[in-house]
Each structure stands twice: as C-alpha cells, then as structure tokens.
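I sat down with this one today, notebook open, to look things up piece by piece. Here is what I wrote down, in the order I went.

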Amino acid sequence: LLSLVGCSAAAYVDEPSLSKSDDEAVVSSEDMRLHVFTLDYDYVQIPCEVTLWILLASLAKIGFHLYHRLPRLMPESCILIAIGALVGAIIFASHHKSPPVMNTSIYFLYLLPPIVLEEGYFMPTRPFFENFGSILWWSVLGSLLNSFGIGLSLYGICQIEAFGLTDLNLLQNLLFGSMISAVDPVAALVVFEEASVNEQLYMMIFGESLLNDGITVVLYNIFIAFIQMHKYEEIESIDIFAGFARFFVVGLGGMLFGIVFGFVSAFMTRFTRNVSAIEPLLVFMFSYLSYLSAETLYISGILAMTACAVTMKKYVEENVSQNSYTTIKYFMKMLSSISETLIFVFMGVSTVGKNHEWSWAFVFFTLLFCLIWRTLSVFALFYISNKFRTYPFTFKDQLIISYSGLRGASSFSLAFLLPVNLFPRRKLFITATLVVIYFTVFIQGITIGPLVRYLDVKKTNKKESINEEIHVRLMDHFKAGVEDICGHWSHYQLRDKFKKFDNKYLKKILIREHQPKSSLVSLYKKMEIKLAIEMAESSMKVSKSSTASLQRGRNRRVHRLSPAEVESMRDVLAHNLYQVRQRAPAYNRHNLPANTNEKQAQEILIRRQHSLRQSCRKGHSLPSCRPAPVASGMEVHYFSLPQGPSQHARRKARHVTFTAKKASRSRSDTPNIIKAP
C-alpha cells in the first residue's frame, strides 16, 4: 500500500513529464522483449581482456620454452615485455583505451603478495641463515646506499638549469632513487641455477631479491609521507629521526608479525589429518592474512609475508600430506607466475602511448648512476664483510653481483603508482624507469650468462644425500662444542641452542604426533619421494622415444637361434650357474635350510674350498693359510667349512651328506676358529 501511495503521489507531482516517461516506457518495453542474441561487452571488458592477456603470455611462454636454446640466450621477461609492447601498439593504433589493469590496490593487495609468498616459501633455509649476516648487511645497507646515492646524484644534476629539471626537489629525487633501486634478479638466478655457481654467490642474489622489495617499499612509503608533509608544512629534524625510527619499526614489526602467523598456521595444520583437503587453503589464507594485518597496522606486509612463509616452510611441511604439499607447491608457483606475467605485459603495454615525457639528461644520468652506485656499493660493502668471513667473496663474485642488478616489476609498479597531485612530472619518472628496465633486462639479462661462463665463476656440485647430511650435522655439533670450550659464541653455538629449544618446545607444540623422531628419517622419505617423481618425469619424457624404438624393433626381422646355439647356451648356463642360497648369519652346514638340495650344497662347498686354495697359493693372510705348527692330535676348525673330520679326511671323501643327526651333534660347536686337542 505504501508503495502504491508513493507511486501515485509521484505521478501527481510530475504531471508535466508524463509524455517523456511514456516514451521511455515504450523504449523499455521494447528492451524487455526476449531477444535471441544480445551483446554486452562492456560488462565483461576488463576480466575478458586480462584473461586474453594471460592466455597470450602463456602461449608466448610455451613457444619460448619449445626452442631449447632461446632460454639460454635471453630471460623470460624479455618475451613478456615484447608481447605487452605488441598489445600496446595494437591498442594505440586502434585508438582504444587500455583497461585499468593495475592501480595501487590491485598491485599491493593482489599482484605483489603471490610473488613474495613464492620467494619466501621456497627459500633454501640452511644456506640462507648460514649467510644471513652477509645477506642482511648487503640488502639493507646496499639498498640505502643505492637509494640515497642515486637520489642525491640526480638532485645535483637537476640543479643545472640547462637541463630544465630545476622543478624537481630533493625529496622527489630521493623517492625516485628509492624505487629505482628495487632489483629483480630473477633472470640472474635462472642463469646461476643453470651454471651451478657456488652456493654463497647464489644465496647473496637470492637474499637480496627476497629482502630488497620490502626495504625499498618501506623507503618509498616514508618518502611519500615526507612529500605529503612538505606540501603543507616544513620538515624538521625530529621528523627525520622519526623516519629512521619508522624504518626499523616497520621492518622488524613486519617480521615478528609474520613469525606469529606462521606459528598459528602450523598449530592449525596439526589437527588436519582427517581433513587434508583444507591444508593448502590454510597455508594461503594465513600467509595472506599476515600481509593484510601488517598493512592495516602500517608495517611492512612484504616482510611479514616473507617471515610467515619461512616459518610455515619449517613446520607446516611436517604436518601436511604429500598431496597437499604438491598442491601448495604448484598453485603457489602458478599464482606467482601469473602476477609477474601481468606486470611485465602491462609494462610492455605502457611502453607504447602518449603518457611519456622525455629528457635526455635525466634518463641518461639515471641509467649511469644506477650502474655506478651499484658497483660502488658492492665493492665497498663486500670489502668490509670479507674481513669477517671464513670464505670471502672473490673479485669475480663481486663483479657478477654488481652486474646482476636487474630492474623489473617492482620498480615499474612503484613508478606507475606515483600520485599525480604530488608529482607533476610523473611521466618523466615512468619514462626513465622503463629505459632502465629495458636496458637491464635486455642487455644485462642476455649477457650475464656468457659473462658467468667467461669468468669461470667457482661452481658447486652439491647434491642432497643422507651421507652428506650426517657428516654436516656431525661437523655442526663438533664446531658448536669447540666454540663452547673456547668461550666464543658464533652462529654454530646459536644454531645448536635453537635446535635444542626447537626440539624441546616448538616441535612438540606445532608438529603433530607420530612423526619420525629422527629428522634423517624425514629427509630420507623426502628424498625417496623426490627420486620417485624424477623417475616418473624422466620416464614420461622418454616414453615417446621408447615407444618409437619399440615399434622399430618390432618392424625389424628377428634373428632366430639355431638348435645348436640354443643347446650350447643351455650347456653354458647349466655348468656355470647355480641357485643362490639364502643368507645365513654364519656360513656353515648348520645354517643351511633343511630342504637344501644335496647337489647344491656340494657345489657350494667345492667352490668354497677352491677359493680357499687359491687364496693360500697367492699368500693371502687368512687363518687357514698361516704356517702355524700344529701339534700332534691337534686340528683346526674353520668358520666357513663344516666342522667334523679333519680337512685331509674331507678331501678324500667323495660325497658330502648332511643329515639331521650330524647337525644336532655339532650344535654345541662355536663358529669361530677353535683349536681342540
């Protein structure tokens, strides 16, 4: 009733517009008719184009890896950027506007977390923490040196009036330095894996890629806050100290946040034995929740997710089933690959368009300062860290580290997400970032493989094995004991203390019961599963070739053996082979099975005596060959021969028989060498 009254009142008030509403009603009534075919592309434009981009990039990846030499010549990101540039050229030529695939929320909430999670979860834990001091030293101080060095150098260039860049102030240059120092050495890591470079070099690049994103994003947000503050009021010295304090609080707070969420997820998976289908869901949800919670509190979500992934790697893997582990592994890699694909494709799309501002001076000096400050920071910081390392980094290692500073998705995303109201020359920053990315990805990414092979960097052939694991743990305990005796505390002593605390408290709380007490058993099981998977994959790879060879073998004419050849083979086998008897703890007649064939036993004894005679003739130091004086009435009994009559009497015997009486009569004899009167 109320709705009818409201409709009548509205009709009474709006009498002048009745004719217009009648026309709209006629049109709407025509639209409401049933149509056989309709088209509404605007409703699905964005998800449809994103899906087509991902599909196009996937097809490009398939084609890229079909030609086996191509991955060795250039990194995968090159082909993705090229595909994106092709799509961007088509969009630009057709005068269409590209869909807003990436903005601040999409990048920081959906594209960045899968990349960080995959890097942290599949991090090699032991090598990382063995080089943790050097990695932390290089990642933190290297990022700070590159950020401030590039920013201050560019600010000096901007003060030259001939270049027309005087409107760029110090804070804007420092912000640009922080985002252009974000490295993405994925291509370098792929080259290092193929070349099998030494472990410490690989871990330095891997650790830098893991921590560098979090550090640069923290600096980026701090400089954004300073620029917003400078727009309304002056920055004082207390604000600068607050910024440095915030840098450490944001970083350490994010790591602690991630460790707590990792413990909670491990404790939850302890009770999922009967509902293993939700184990992958718990892993993804808790890691993503750690990222969102950290961002809510304005601490580093990247470092929180990294710490959460490392914690889950240690404890959650012990609880989840093998099927869940496989699902987690491949789904995580798939999400990371999709995110990187979207970012690189969108980078290529953004290359072609009108949203660029070119400045030869700014672009050239940005590229030059990126190379110079990268090299200076590497040689300066590693010169200091080598004084405290047992195995220092060589000049070749430092040269490779300085050359592997590729820029990628992080730098472009941070430049693209700059707010226009704070950066009037945002297009200039995007153009300079794209030039640096193209140079490092296409030039350095393609030439780093030949450079590693030319310099002949120290390699390693380390393979996981039970024997190596046992000896590594033995040396760890030995070094920890030596440090304890000497009163010198180092990472061996700290690791030993943490292992004791972990085994006594953490594992009992976080890992479900009825797990193998020895971690060597767990390692053995993992290696067996890994070996089985590798064998299955290798059999799948050779299935086609084996099938073809089998078909060729069938088509060949089979050579039939003649009856004489068959008889000759049977004669050879009959005279040279015999059935292998069951193993027994002592090789004597009492341990032979009751149903042993007499001919078989005789054959074994004859062959054994023949081998003993041969060893005596060659002078082997066997008990039977020692020329010891034998007293009258003394005889020697041997371990490997039946005890009873003397050896001389046995040689004269033509047949040897085994009966139950003899076995029971000599049960009291010992199987060792005995001298009896």
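**Entry 1: ground rules.** Before placing any residue, I note that a helix here is a DSSP run of H or I at least four residues long, and that helices are numbered from the N terminus. I also remind myself that this is a predicted model.

**Entry 2: Ser139.** With that numbering I could place Ser139, which belongs to helix 8. Is Ser139 buried or exposed? Its relative accessibility is 1%, so Ser139 counts as buried, the cut-off being under 20%. Setting aside residues up to four places away in sequence, I found Ser139 touching Gly207, Glu208, Leu211 and Ile215.

**Entry 3: Ser147.** I stayed in helix 8, which spans residues 132–158 and also holds Ser147. Ser147 is buried too, at a relative accessible area of 1%. Which residues does Ser147 touch, not counting those up to four places away in sequence? My list reads Gly177, Ser178, Ser181 and Leu219.

**Entry 4: the whole chain.** Time to step back. I counted 27 helices and two strands in the protein chain. The chain has 677 residues, and 38% of them count as buried. Its accessible surface comes to about 41,100 Å², with 64% of that belonging to carbon and sulfur atoms. I then looked at contacts between residues at least 6 apart in sequence: 80% of these join residues at least 24 apart.

**Entry 5: Val378.** Next I went to helix 16, residues 360–385, where Val378 sits. Val378 has a relative accessible area of 0%, so I put it down as buried. What touches Val378, leaving out residues up to four places away in sequence? I wrote down Trp138, Gln398, Ile401 and Ser402. I also took a C-alpha distance to Leu399, which is 21 residues away from Val378 along the chain, and got 8.2 Å.

**Entry 6: helix 17 against helix 19.** Leu399 turned up again when I looked at helix packing, as one of the helix 17 residues that meet helix 19. As a reminder to myself, two packed helices are described by the angle between their axes and the distance between the axes. Helix 17 covers residues 395–403 and helix 19 covers residues 426–455; their axes lie 10 Å apart at an angle of about 170°. That makes the two helices, 17 and 19, roughly antiparallel. On the helix 17 side I noted Lys396, Leu399, Ile400 and Tyr403. They meet Ile443, Gln444, Thr447, Ile448, Leu451, Val452 and Leu455 of helix 19. By class, the contact between helix 17 and helix 19 contains eight nonpolar, two polar and one charged residues.

**Entry 7: helix 12 against helix 21.** How do helix 12 and helix 21 cross? The axes of helix 12, residues 237–269, and helix 21, residues 491–510, come within 7 Å and cross at roughly 55°. I therefore logged helix 12 and helix 21 as oblique to each other. Helix 12 brings Phe263, Ala266 and Phe267 to this contact, and helix 21 brings Leu506, Ile509 and Leu510. The residues of this contact between helix 12 and helix 21 divide into six nonpolar, no polar and no charged.

**Entry 8: helix 18.** How many of the residues of helix 18 are buried? I got eight of eight for this helix, residues 409–416, and wrote it down as mostly covered. The buried residues are Ala409, Ser410, Ser411, Phe412, Ser413, Leu414, Ala415 and Phe416.

**Entry 9: helix 13 and the loop after it.** Ser293 is in helix 13, residues 279–296. Beyond its neighbours within four places in sequence, Ser293 is in contact with Phe257 and Phe261. Phe261 is 32 residues from Ser293 in sequence, with their C-alpha atoms 9.9 Å apart. I then moved on to Tyr298, in the loop between helix 13 and helix 14. Tyr298 is not a glycine, yet its phi is positive, about 60°. Tyr298 is exposed, at a relative accessible area of 62%.

**Entry 10: cysteines.** Last check of the day: how many disulfides does the structure hold? I found zero. I looked up two cysteines while I was there. Cys78 is buried, with a relative accessible area of 1%, and Cys370 counts as buried at 3% relative accessibility.

Definitions and conventions: Residues are numbered from 1 along each chain as its sequence is written. This is a predicted model: local features need pLDDT of at least 70, side-chain atom pairs count only at pLDDT 80 or more; totals for chains, interfaces and linings use all residues. Side-chain values use heavy atoms; hydrogens and water are left out. Axes are lines fitted to C-alpha atoms, for helices over the stretch in contact, and angles run from 0 to 180 degrees between N-to-C directions. Angles under 35 degrees count as roughly parallel, over 145 as roughly antiparallel, 65 to 115 as roughly perpendicular and the rest as oblique. Contact means heavy atoms within 4.5 Å. Ala, Val, Leu, Ile, Met, Phe, Trp, Tyr, Cys and Pro count as nonpolar, Asp, Glu, Lys and Arg as charged, and the others, Gly among them, as polar. Buried means under 20% relative accessible area, exposed over 50%, partly exposed in between (1.4 Å probe, protein chains only). Accessible areas come from the Shrake-Rupley method with a 1.4 Å probe; for residues, only the protein chains shown count as cover. A disulfide is a pair of cysteine sulfur atoms within 2.5 Å.
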